[in-house]
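User: Could you give me a close look at one part of this model, and then place that part in its surroundings? I'd like one connected account, with each term explained as you go.

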Amino acid sequence: MPAPSKFTLNTGATIPAGPGRRRPARSARPVVHALKAGYRHLDCALIYQNEEEVGDAIKQSGVPREEIFITSKAWNVFHHNVQESLEKTLKDLQVDYLDLFLVHWPVRLVANGSQPLLPVNPNGTRSVDYSWNQEDTWRQMEEIYKSGKVKAIGVSNWSIPYLERLEKSWKVVPAINQVELHPYLPQHKLKEWCESRGILLEAYCPLGSTGPCCLHMQHHVPRSDLFTLTYLTYPGAPLLEDTEIQAIAAKYAVPPATILISYQVNRGVIVLPKSVTASRIEQNLKVIDIKEEDMKTLEAIAENGKQKRVNMPKWGSDLGFDDWPLPSCRNETGGGTPQRSVTLRILGIYASSNK
Ligand SMILES: NC(=O)c1ccc[n+]([C@@H]2O[C@H](COP(=O)([O-])OP(=O)(O)OC[C@H]3O[C@@H](n4cnc5c(N)ncnc54)[C@H](OP(=O)(O)O)[C@@H]3O)[C@@H](O)[C@H]2O)c1
């Protein structure tokens, strides 16, 4: 079966299968280039602090707004007032609606006069509200959806335990869950769970994120705080150099990046590769059909010993993913964090290793 060019959301709207431009660059130029080259999905977020540039790029590109699928995300300091995050995003992007609005992380940060978007406590830990109920954030998302300012709502970085808890009270089923996905982190169980509820997955870091990420954030964070505040992505997963992936790429006579992008589309996942390089922006538009035998190889790479997650911000809370390390600055689950067996299992491992 040929790889699809579009998927249908549970709202009935369509979304380009891929590739979408993840985290468009700080300057308008690569975004203009991408839109002119044919990209029609822009994956934005308030925390990327470049939405004004993206708005300028949309205008400069000459591509009509209604032809572009625009996603943005409510940032962590706005869980108590998601509307405020949306208003800032709409103003900066210079648009009057979004096609998709996501809760960026199931983590509420509390402003305390330190960093406005990434507040920290005096001891260097994040200013996280561990008692916050994510259901309260989702209720606000549902209100926003009803208002028509966003055509679909969804989540990002939500594990099965978090979704199971939300499911008990949601009135609108999330259309999307945007998570890290690549052959070293295929998240088969999460994909199955989401698909059984009509939730599509979006893949971020689909190329394994070859460099340190959050360079954008680093401009806004004191250098001394870099390693406590920013994402743990050093080094990225060496997917582009992986011999199994390279062998499949050679078989189809395409670059490894094309295999990684096409892998997601062929398994029914929207893919969001990021590049600021004109030639790669163009190269990443190509999606090929991958034969079943090669899909099987790609789907099994992680379980054959290469499992690796590259993006792990140190929020200090248990996000419910089996492979997420136990928070070192906080080792109990807060009132707003779902209780689950894996938490206890990990805590048990910690307890025994501390003996
Ligand atoms: N949704 C979320 O909640 C969330 C949360 C945290 C982090 N993230 C993001 O994950 C991101 C890191 O992942 P990413 O999305 O940037 O990773 P990615 O798409 O997997 O990889 C991007 C890297 O690959 C390079 N690249 C792009 N196309 C290529 C090609 N055809 N051949 C060779 N190299 C190529 C890019 O270089 P050039 O740009 O130089 O071309 C860039 O260094 C961060 O920006 C981070 O913020 C997302």
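Analyst: Let's start with helix 2 and helix 3 (residues 82–93), whose axes approach within 7 Å and cross at roughly 40°. Axes here are lines fitted to C-alpha atoms, for helices over the stretch in contact, with angles from 0 to 180 degrees between N-to-C directions. Helices (H or I, at least four residues) and strands (E, at least two) are DSSP runs, numbered from the N terminus. The angle makes helix 2 oblique to helix 3 (under 35 degrees is roughly parallel, over 145 roughly antiparallel, 65 to 115 roughly perpendicular, and the rest oblique).

This is a predicted model, so local features need pLDDT of at least 70 and side-chain atom pairs count only at pLDDT 80 or more, while totals for chains, interfaces and linings use all residues. Numbering runs from 1 along each chain as its sequence is written.

On the helix 2 side, Glu51, Glu52, Val54 and Gly55 make the contact, and they meet Thr89, Asp92 and Leu93 of helix 3. Contact means C-beta atoms, placed from the backbone, within 7 Å. By class, this patch has two nonpolar, two polar and three charged residues (Ala, Val, Leu, Ile, Met, Phe, Trp, Tyr, Cys and Pro are nonpolar; Asp, Glu, Lys and Arg charged; the others, Gly among them, polar).

Helix 2, which spans residues 51–61, has another partner in helix 1 (residues 28–37): their axes come within 8 Å and cross at roughly 40°. Helix 1 and helix 2 are therefore oblique to each other. Here Ala28, Val31, Val32, Leu35 and Lys36 of helix 1 face Glu53, Val54, Asp56, Ala57, Gln60 and Ser61 of helix 2. The residues in this contact are six nonpolar, two polar and three charged. Val54 is worth a glance on screen: it appears in the contact with helix 1 and in the contact with helix 3.

Now for the surroundings. The protein has 14 helices and ten strands, and buried residues account for 45% of its 355 residues. A residue is buried if 20 or more other C-beta atoms lie within 10 Å of its own, exposed if 12 or fewer, and partly exposed in between. Among contacts between residues at least 6 apart in sequence, 70% join residues at least 24 apart.

For another helix pair, look at helix 9 (residues 243–252) and helix 10, with axes that come within 8 Å and cross at roughly 95°. Helix 9 and helix 10 are therefore roughly perpendicular to each other. Ile245, Gln246, Ile248 and Ala249 of helix 9 meet Pro256, Thr258, Ile259 and Leu260 of helix 10. This contact has six nonpolar, two polar and no charged residues. Apart from its neighbours within four places in sequence, Leu260 touches His182, Pro206, Leu207, Leu239 and Ile245.

Helix 5 (residues 160–167) is largely enclosed by the rest of the structure, because six of its eight residues are buried. They are Ile160, Pro161, Tyr162, Leu163, Arg165 and Leu166, and they pack against helix 4 (134–147) and helix 6 (188–196). One of them, Tyr162, has a partner from far along the chain: Gly320 is 158 residues away in sequence, yet the C-alpha to C-alpha distance is 6.8 Å. Gly320 sits in the loop between helix 13 (302–306) and helix 14 (341–353), and its 23 C-beta neighbours inside 10 Å mean that it counts as buried.

Two loops leading into these helices hold unusual backbone angles. Most residues other than glycine have a negative phi. Asn157, in the loop between strand 7 (153–156) and helix 5, has a positive phi near 70°. It counts as buried because it has 24 C-beta neighbours inside 10 Å. Gln187, in the loop between strand 8 (176–180) and helix 6, has a positive phi near 50°. Its 24 C-beta neighbours inside 10 Å likewise make Gln187 buried.

Finally, try the loop between strand 6 (100–103) and helix 4, where you will find Thr125. With 16 C-beta neighbours inside 10 Å, Thr125 counts as partly exposed. Thr125 and Lys314 lie 189 residues apart in sequence but 8.6 Å apart in space, C-alpha to C-alpha.

Terms used. Contact = placed C-beta atoms within 7 Å.
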